Amino acid sequence: MSEIPRALLYDELTNIVGRENVIEEREEGIAHSLNRNWFTRTLWSENRQVPLPSFVVYPESTEQVSDVLQIANREKIPVTPFGMGSSGMGGNVPVDGGIIVDTKKMDELIKVNEESLSATIQTGIGSWEYEESLNDLGYTSGHLPASQFCSTYGGFLALRSAGRLSTGYGKIEDMVLGIEVALPNGEIVRTRPVPAHASGPDLNQLFIGSEGAFGIITQATMKIHPYPEERRFRAIIFPDFSSGLQAVRKIMRKDVTPSVARLYTEEETARTFKDTWGVEKEGSYLIIGFDGVEELVEQKEKIALRICEKENGEDLGSEKGEYWWENRYGDYYPKDRSDTEKWQSLLGGYQAAGTVTTCVPYDKAEVAYKEMRRSFKEKFEGRYKNWIHAHFSHWYKTGTMFYVRWYIREIPEEEDTLDVYNEAWSTLVPIALKHEGVVDHHHGIGRLLGRFLSKQDKGGHEVLRSIKKAIDPNNIMNPGVLGLGKC
Ligand SMILES: Cc1cc2nc3c(=O)[nH]c(=O)nc-3n(C[C@H](O)[C@H](O)[C@H](O)COP(=O)(O)OP(=O)(O)OC[C@H]3O[C@@H](n4cnc5c(N)ncnc54)[C@H](O)[C@@H]3O)c2cc1C
């Protein structure tokens, strides 16, 4: 942006949010551009150019967001909504420059309605701060993702996030009652926070998962739950993941819904539990947990254990299950950082790494994962040092989600790491689609996976494109996310 329009824009923005809330320093732009994004971090580490915004703006109210958007729309300046930057899918990167609207100062817990079990929040509220406030009052959000300490509710809603207890409490889209959104032209939409309606299509769900392409979600009314009377976890080991898969599928069919079930493939069991936690047994590890009234928890656990036993699962007891719960964030935020080598390898010892989260019907789960693993190995084994493994961690009556982690090391200097990274995604995602799976289950599409989205739902991408054109004819809102490109 040249100097004169830049100075004029600065003046208008500071009139809305105050001088202290418009930041134009390059360092601020770099911090927002790098965030948790593999692409920009790699560019940075290779001394290549990272995309930078002209301004980072910190509004404090819906009205301020609306005013900023009106100006951006008038001047046709791209806007990137930003929470805490923990998404790695690239939707938070200001690829076209323009304005970043950072919601962190919109962090108020506005109201808790104890009688109707709901809480109204500004969407810049941090996940952990919100959960702690609810816990103090005897409630829980039920949404406890591993990014608990580095995400906002705006980010969760924009990407259809899932927490560790999603099998019991649902994903974020199941937890929303009502939302408030500032549209690209500055108009404000506010839906009613009711449990259900038949007043036409569900507008909440139009904006949830829209990744900032349809507007900025400024407030939300979320369901809350009384803090569970009883919370239990247990560890089981199966001879292979196939028997574990059948066990959890059968548990779900009986409506004995656990709060969490995490089934690790043999490879991930070996890597996570043997190497890190010293569990010597081989096979497929399952962590299963139950929340609720004590008598119900007791009964559900009994039924689940019976089903696991029938599928050759060996009960390793509650201690190992509780240990998992207590250390559930350990991978990301190790308490002991004195082992520098391990800490470094967890954080970034890999040249390329990613996670495919997909969701498939039960009859496709095993075959889809096995094909992904086989194809990845065929492509990269012998070329680079690599790992691929998975866990199944969000369960439904009709299907399951699996989380495929892959890592690549020792890419020779003459090769472009970005090409290798893209090749890995292009190897894995089409296999999920081939087996009736989705491009993503809870990390979103961002810019990284947009190229696959038109292959998911027949005709669906065209509908999305039409909605985008209608809501945002100037294409200012996060252009390029969801594979929408230049609409
Ligand atoms: C260590 C770690 C663990 C993780 N674990 C999980 C997990 O367990 N479950 C899970 O679901 N995800 C997980 N993630 C991914 C990430 O935390 C989530 O995707 C989260 O939803 C991002 O929130 P954020 O506030 O950081 O959003 P950002 O990264 O800032 O933004 C993400 C996207 O949302 C848009 N956006 C942000 N705020 C708004 C708003 N108010 N209105 C409209 N659009 C908006 C942005 O433009 C961008 O496209 C993890 C990430 C990390 C780094």
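This text walks through a predicted model, from its nonpolar cores to the surroundings of the ligand and then to one buried acidic residue.

In soluble globular proteins, nonpolar side chains tend to be buried together. Here the largest nonpolar core comprises 104 residues, and within it Met 222, Trp 406 and Ile 408 have the most contacts. The element that gives the most to this core is helix α16, spanning residues 417-434, which supplies 10 residues. A second core, separate from the largest one and made up of 22 residues, includes Leu 9, Tyr 10, Ile 71 and Val 101.

Met 222 belongs to strand β10, which covers residues 216-223. Leaving aside residues up to four places away in sequence, Met 222 touches a set of residues that includes Leu 117, Ile 121, Tyr 130, Tyr 153, Ile 172 and Met 175, together with Ser 118.

The ligand is surrounded by 33 residues, of which Pro 81, Gly 83, Ser 86, Ser 147 and Thr 152 come nearest. Backbone atoms also approach the ligand: a backbone N or O atom of Gly 85 lies 2.8 Å from one of its oxygen atoms, while a polar backbone atom of His 442 is 3.2 Å from a ligand oxygen. For Ile 217, the partner is a nitrogen atom of the ligand, at 2.9 Å from a backbone N or O atom.

Glu 211 sits in the loop that links α9 (203-207) to β10. Although buried, Glu 211 has no salt bridge, and the nearest side chain of opposite charge, that of Arg 447, is 7.8 Å away; because a salt bridge requires the charged atoms to be within 4 Å, this pair does not qualify. Beyond its sequence neighbours up to four places away, Glu 211 touches residues among them Ala 158, Leu 159, Gly 444, Ile 445, Asn 478 and Leu 482.

Conventions
Residues numbered from 1 in each chain as written. Predicted model: local features only at pLDDT ≥ 70, side-chain atom pairs only at ≥ 80, totals over all residues. Heavy atoms only, no water. Helix = DSSP H or I, 4+ residues; strand = E, 2+ residues; numbered from the N terminus. Buried < 20%, exposed > 50% of the residue type's maximum accessible area, 1.4 Å probe, protein only. Lys, Arg positive; Asp, Glu negative; His and termini not counted. Contact = heavy atoms within 4.5 Å. Core = buried A, V, L, I, M, F, W, Y, C linked by side-chain atoms within 4.5 Å. Near = heavy atom within 4 Å. Polar contact = N/O pair within 3.5 Å; in protein donor to acceptor, adjacent residues only side chain to side chain.
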